[in-house]
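Please open the structure in your viewer and keep the sequence beside it. The tour below proposes what to select at each stop and states what is to be found there.

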Amino acid sequence: MGKVVKTDPKDDLALIWIKKPLPPLQLATASRLRSFESIHQIVHPMDKKCVEKVGYFLYHFNHQDFFTIRSEHGNSGSPLFNQNGEVISMVMATNVCGGITTTVGRDLKTLKKFLAAH
């Protein structure tokens, strides 16, 4: 069980302390993604085993990244990875507009700023 150390309601982020150490995820060094850069997500749907989803980065707007991956209920907080296995964003929501579904992620710059402050 984890303990909430710090939250940031504005950016919908939380830092959680856990007893058992886990291997850290590597954050990407570049803050800017290229349009149609390939990205990956590993999810664990309630009724299935772990699944890897592959999609593309679309655009960045207002500290948010938009991707072609369709996230499901419960995927919020999941990391999104680049081809090198580095975290590039974190799932916040799914957006449907004009019949097109995109995943909205918190951008890397905001994640790094939050982690550096704590």
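Select R34, which counts as exposed because its relative accessibility is 59%. The model is a predicted one. Add E37 to the selection: the side chains of E37 and R34 meet in a salt bridge, with 3.9 Å from N to O. In contrast to the exposed R34, E37 counts as buried, at 14% relative accessibility. Side chains of opposite charge can pair when their charged atoms come close.

**The salt-bridge network**

How many salt bridges does the structure hold? There are 3 salt bridges in the structure. For the next stop, select K10, D11 and R106, which are linked in a network of salt bridges. The side chains of K10 and D11 meet at 3.6 Å, N to O. K10 is exposed, with a relative accessible area of 68%, whereas D11 counts as buried at 10%. The side chains of D11 and R106 form a salt bridge as well, at 4.0 Å from N to O. D11 lies in the loop between β1 (2–8) and β2, and R106 lies in strand β8, so this pair ties together parts that are 95 residues apart in sequence. R106 counts as buried, at 5% relative accessibility.

**From β8 to β5 and β4**

Keep R106 selected and add Q64, which stands opposite R106 in β8. Colour strand β8 (residues 100–107) and β5: the two pair in the antiparallel sense over 4 bridges. Next, colour strand β4 (residues 51–61), which pairs with strand β5 (residues 64–67), again in the antiparallel sense and over 4 bridges. Within this pairing, select F57 and F67, since F67 in β5 is the bridge partner of F57.

Now move to the turn of the hairpin formed by β4 and β5, where 2 residues stand between the strands. N62 takes a positive phi there, near 55 degrees. Select H63, which is placed in the loop between β4 and β5. H63 has a positive phi of about 65 degrees, although it is not a glycine. Is H63 buried, partly exposed or exposed? H63 is partly exposed, with a relative accessible area of 39%.

A further residue may be selected for its backbone angle: F36, in the loop between β2 and β3 (38–43). The phi of F36 is near 70 degrees, a positive value in a residue other than glycine. F36 is exposed, with a relative accessible area of 58%.

**Strand β3 and its partners**

Colour β3 next. Why is β3 described as largely enclosed by the rest of the structure? The reason is that 5 of the 6 residues of β3 are buried. β3 pairs with β4 in the antiparallel sense over 6 bridges, and β3 also pairs with β6 in the antiparallel sense, over 2 bridges. Select H40 to see both pairings: the bridge partner of H40 in β4 is V54, and the bridge partner of H40 in β6 is F81.

**P79 and I69**

Select P79, which lies in strand β6 (residues 79–81). P79 counts as partly exposed, at 23% relative accessibility. Not counting residues up to four places away in sequence, P79 touches L25, H40, Q41, V87, S89 and M90. Measure from the C-alpha of P79 to that of V43: the two are 9.2 Å apart in space and 36 residues apart in sequence.

H40 and Q41 also appear in the surroundings of I69. Leaving aside neighbours within four places in sequence, I69 is in contact with residues including I39, H40, Q41, K53, V54 and L80.

**The nonpolar core and a surface patch**

Select the largest nonpolar core, 10 residues in all: A28, L33, I39, F57, F67, I69, L80, I88, V91 and L108. The bridge partners F57 and F67 are both members of this core.

For the final stop, show the surface and select V4, I16, I18 and L22. These four residues form a nonpolar patch on the surface, with about 370 Å² of accessible area together. Within the patch, I18 is placed in strand β2 (residues 13–18). I18 counts as partly exposed, at 36% relative accessibility.

Conventions. Residues are numbered from 1 along each chain as its sequence is written. This is a predicted model: local features need pLDDT of at least 70, side-chain atom pairs count only at pLDDT 80 or more; totals for chains, interfaces and linings use all residues. Side-chain values use heavy atoms; hydrogens and water are left out. Patches are made of residues with over 30% relative accessible area and no salt bridge: like charges are joined within 9 Å, nonpolar side chains (Val, Leu, Ile, Met, Phe, Trp, Tyr) within 5 Å. Accessible areas come from the Shrake-Rupley method with a 1.4 Å probe; for residues, only the protein chains shown count as cover. Buried means under 20% relative accessible area, exposed over 50%, partly exposed in between (1.4 Å probe, protein chains only). Contact means heavy atoms within 4.5 Å. A nonpolar core is a set of buried Ala, Val, Leu, Ile, Met, Phe, Trp, Tyr and Cys residues joined through side-chain atoms within 4.5 Å. Two strands pair if DSSP finds at least two bridges between them.
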